[in-house]
Amino acid sequence: MSDDDKPELMYPAFPVEDTGEEYDLDLPPTTANEYLRRVQLEASNCPDVVVADLDTSQFLAKQTVSFSNSNDCPPPPEGFAPSREWQRKQVYNFHIAREKIIKQKALLKRSKERCSVKLPRFEERDRWKAVFCGSAAPSIHPLVSIVTTIPQQSIEAVISYSARWIEEEGFCASMGKWLYALLACVEKPLHPDMCSNIRALARACASARRKLQRCHRRTAGEPYTAAHRK
C-alpha cells in the first residue's frame, strides 16, 4: 500500500530513510533509523484488520446485563395511532419551537432580564405538581418568558417527576403544555439521566394513551383533542 492509499491516521509522524539495506532480524538494531525501519517492515506484514475468533457461547451463563431493542411502550389502542404525516409535522414544529427558545435565551442573556414569576425550586415536588396540573394559585402558564429562565437542573427534575404524576393523576392539557415547553428547553447533548427520564415519560404517556376509549370518529392524521377522549 502506498502512502497515498493509506488512511489518514496511518501517515508517518516523520520520515524514515530507506537505505535499501537488508537487516538480520536476529540481531539487535544498531541505529535509530534501523530500528524504525524494522518497525515499518513488521507493520507492513500485518493485516489492516484483525478480528479475534472467540466462542462467545461460553460467556452466556455469566451474562449479567441484558439488552432489548424494545422501548417498552405499549402500542396505541385502535384508532389512536397518529399518521406518519402528522408525526413528521409535529417533529418539524418542535424543531422550530426549539430554535425560537434558543434565540430567546440568547436575548435574555444579553438583556439580563429577570422573570417576574416565582417558580418552585426543583426539589419542591408538590408545588411543581400543582403548577403542572393547573391547580396552582395563581395559575402559571408555560410562557416563553418563563420557561427560558428555568435552570436545566429544575427541568431535568420536573421531567423525572412528570412520569409519576401521569401514572397517578392521568394526563391533562396543562401537563401537555408544560411538558412540551420544558422538552423544548432541554439542552444538548443529552445527559444519560435526562435520556432515562424522557424514556420513562414516554412509557408513562403510552400507558395513559392505552386507557383512552374512542368516543368520536376522526379523520386520518387529525390531532387528538378533548373531543376524542371519553
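A nonpolar core is a set of buried Ala, Val, Leu, Ile, Met, Phe, Trp, Tyr and Cys residues joined through side-chain atoms within 4.5 Å. Buried means under 20% relative accessible area, exposed over 50%, and partly exposed in between, with a 1.4 Å probe and protein chains only.

The model is predicted: local features need pLDDT of at least 70 and side-chain atom pairs count only at pLDDT 80 or more, while totals for chains, interfaces and linings use all residues. Residues are numbered from 1 along each chain as its sequence is written, and side-chain values use heavy atoms, with hydrogens and water left out.

**Exercise 1. Describe the secondary structure of the chain and its burial.**

Step 1. Helices (H or I, at least four residues) and strands (E, at least two) are DSSP runs, numbered from the N terminus. The chain has 7 helices and 0 strands, in the order α-α-α-α-α-α-α.

Step 2. Of the 230 residues in the chain, 22% are buried.

Step 3. Contact means heavy atoms within 4.5 Å. Among contacts with a separation of 6 or more, 69% join residues 24 or more positions apart.

**Exercise 2. Identify the residues with the most contacts inside the largest nonpolar core, and the helices that supply it.**

Step 1. The largest nonpolar core holds 30 residues, and those with the most contacts inside it are Trp128, Phe132, Ile150, Ile155 and Trp178.

Step 2. At least two residues of this core come from each of α3, α4, α5, α6 and α7. The largest share, 8 residues, belongs to α5.

Step 3. Take Ile155 as an example: leaving aside residues up to four places away in sequence, Ile155 touches Ile150, Leu182, Cys185, Val186 and Met194.

**Exercise 3. Determine which residues of α3 are buried and what they pack against.**

Step 1. In α3 (residues 125-133), Trp128, Lys129, Val131 and Phe132 are buried. These residues lie on the same side of α3, because they cover an arc of only 160° around the axis; the arc is that of the directions from the helix axis to the C-beta atoms.

Step 2. The packing partners of these buried residues are α5 (152-169) and α6 (173-185).

Step 3. Just after α3, Gly134 adopts a positive phi of about 80°.

**Exercise 4. Characterise α6 by its span, its buried residues and their cover.**

Step 1. The expected span of a helix is 1.5 Å times one less than its number of residues. With 13 residues, α6 reaches 19 Å from its first C-alpha to its last, close to the expected 18 Å.

Step 2. The buried residues of α6 are Met175, Trp178, Leu179, Ala181, Leu182, Ala184 and Cys185.

Step 3. Their cover includes α2 (84-111), α3, α4 (144-147), α5 and α7 (192-210).

**Exercise 5. Locate the buried residues of α1 and describe the surroundings of Glu34.**

Step 1. Glu34, Arg37 and Arg38 are the buried residues of α1. Viewed down the axis of α1, they fall within an arc of 105°, so they line one face of the helix.

Step 2. Glu34 lies in α1 (residues 32-44), and its relative accessible area of 11% makes this residue buried.

Step 3. A polar contact is a pair of N or O atoms within 3.5 Å; within protein, one must be able to donate a hydrogen and the other to accept it, and residues adjacent in sequence count only if both atoms are side-chain atoms. The side chains of Glu34 and Arg38 make such a contact at 2.9 Å.

Step 4. Not counting residues up to four places away in sequence, Glu34 touches Tyr23, Pro28 and Pro29.
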